[in-house]
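Here are some friendly notes to read alongside the picture. Keep the structure open and look up each residue as it comes up.

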Amino acid sequence: MPSETVHLKGHIIDSLTLSKVLDIILRDGGQYQITKFEIGSTKNNLSLAEIKISAEDEELLQHILHLVQQHGALRSEGEISTLPAPANGVFPDGFY
């Protein structure tokens, strides 16, 4: 089952952002697991939620991810790697 982790940060509880995101996931046929949750202790401290979203197939997962991003969910950064350029002004193979 394909999955991806998203992050919500801010006043996600009192703004109902967390509830909206979780509702979208379930409504559209996905599943979720909250893997990290920190509640800000004052109105000046932000809350943080890390949510693993799973779906039956990649197409459905991408659909759900698109919808939750509209509510501020940030997708995790992918892994990156660096390579030296083979010559000045030349990009390494597979740069894009």
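In which strand is S54 found? Please keep that in mind while we walk through the points below; the model is a predicted one.

1. **Starting with S54.** S54 is found in strand β3. With a relative accessibility of 13%, S54 counts as buried, because buried means under 20%. If we set aside residues up to four places away in sequence, S54 touches M1, P2, S3, G30 and Q31. Try clicking on each of these partners in turn.

2. **The overall plan.** The protein has 2 helices and 4 strands. Reading from the N terminus, the elements come in the order β-α-β-β-α-β. It helps to say this pattern aloud while tracing the chain.

3. **The sheet.** The 4 strands form an open sheet in the order β2-β3-β1-β4, and the pairing is antiparallel. Strands β2 and β4 (74–75) are at the edges with a single partner strand each, so one side of each has no neighbour in the sheet. Strand β3 pairs with β1 in the antiparallel sense over 8 bridges, and 7 bridges connect β3 with β2, again antiparallel.

4. **Partners across the strands.** Some individual pairs make the sheet easier to follow. V6 has I51 of β3 as its bridge partner, and I34 stands opposite I51 as well. Q33 has K52 of β3 as its bridge partner. As a general point, side chains in a regular strand alternate between the two faces of the sheet.

5. **Two sides of helix α1.** Which residues of α1 are buried? In this helix, which spans residues 17–27, they are T17, L18, V21, L22, I24 and I25. These buried residues cover an arc of only 155° around the axis, and therefore lie on the same side of α1. On the other side of the helix, D23, L26 and R27 are exposed. The cover over the buried residues of α1 includes β1 (3–10), β2 (31–38), β3 (47–54) and α2 (58–69). Just after α1 comes G29, which takes a positive phi of about 95°.

6. **A closer look at T17.** T17 lies in helix α1. Its relative accessibility is 16%, which is why T17 counts as buried. Leaving out neighbours within four places in sequence, T17 is in contact with L8, I12 and H71.

7. **The nonpolar core.** The largest nonpolar core has 18 residues. Within this core, the residues with the most contacts are L8, L18, I25, I51, I53 and V68. The elements that contribute two or more residues to the core are β1, α1, β3 and α2. In soluble globular proteins, nonpolar side chains tend to be buried together.

8. **I51 as a meeting point.** Let us return to I51, one of the core residues with the most contacts. Not counting neighbours within four places in sequence, the contacts of I51 include E4, T5, V6 and L8. They also include L18, V21, L22 and I25, together with Y32, Q33, I34 and T35.

9. **N45 in its loop.** N45 lies in the loop between β2 and β3. How does N45 count at 34% relative accessibility? It counts as partly exposed, because that class is between the 20% limit for buried and the 50% limit for exposed. With neighbours within four places in sequence left aside, N45 is in contact with H11 and G40. The C-alpha atoms of N45 and H11 are separated by 8.3 Å, although these residues are 34 residues apart along the chain.

10. **The whole molecule.** Please also look at the protein from a distance. For a compact globule of 96 residues, a radius of gyration near 12 Å would be expected, but the protein has 17 Å. Its C-alpha atoms fill a box of roughly 55 × 35 × 20 Å along the principal axes. Of the 96 residues, 27% count as buried. The accessible surface comes to about 6,900 Å², and 51% of it belongs to carbon and sulfur atoms. Among contacts between residues at least 6 apart in sequence, 66% join residues at least 24 apart.

Note on methods: Residues are numbered from 1 along each chain as its sequence is written. This is a predicted model: local features need pLDDT of at least 70, side-chain atom pairs count only at pLDDT 80 or more; totals for chains, interfaces and linings use all residues. Side-chain values use heavy atoms; hydrogens and water are left out. Buried means under 20% relative accessible area, exposed over 50%, partly exposed in between (1.4 Å probe, protein chains only). The arc is that of the directions from the helix axis to the C-beta atoms. Contact means heavy atoms within 4.5 Å. A nonpolar core is a set of buried Ala, Val, Leu, Ile, Met, Phe, Trp, Tyr and Cys residues joined through side-chain atoms within 4.5 Å. The radius of gyration is taken over C-alpha atoms; the globule rule is 2.2 Å times the number of residues to the power 0.38. Accessible areas come from the Shrake-Rupley method with a 1.4 Å probe; for residues, only the protein chains shown count as cover. Two strands pair if DSSP finds at least two bridges between them.
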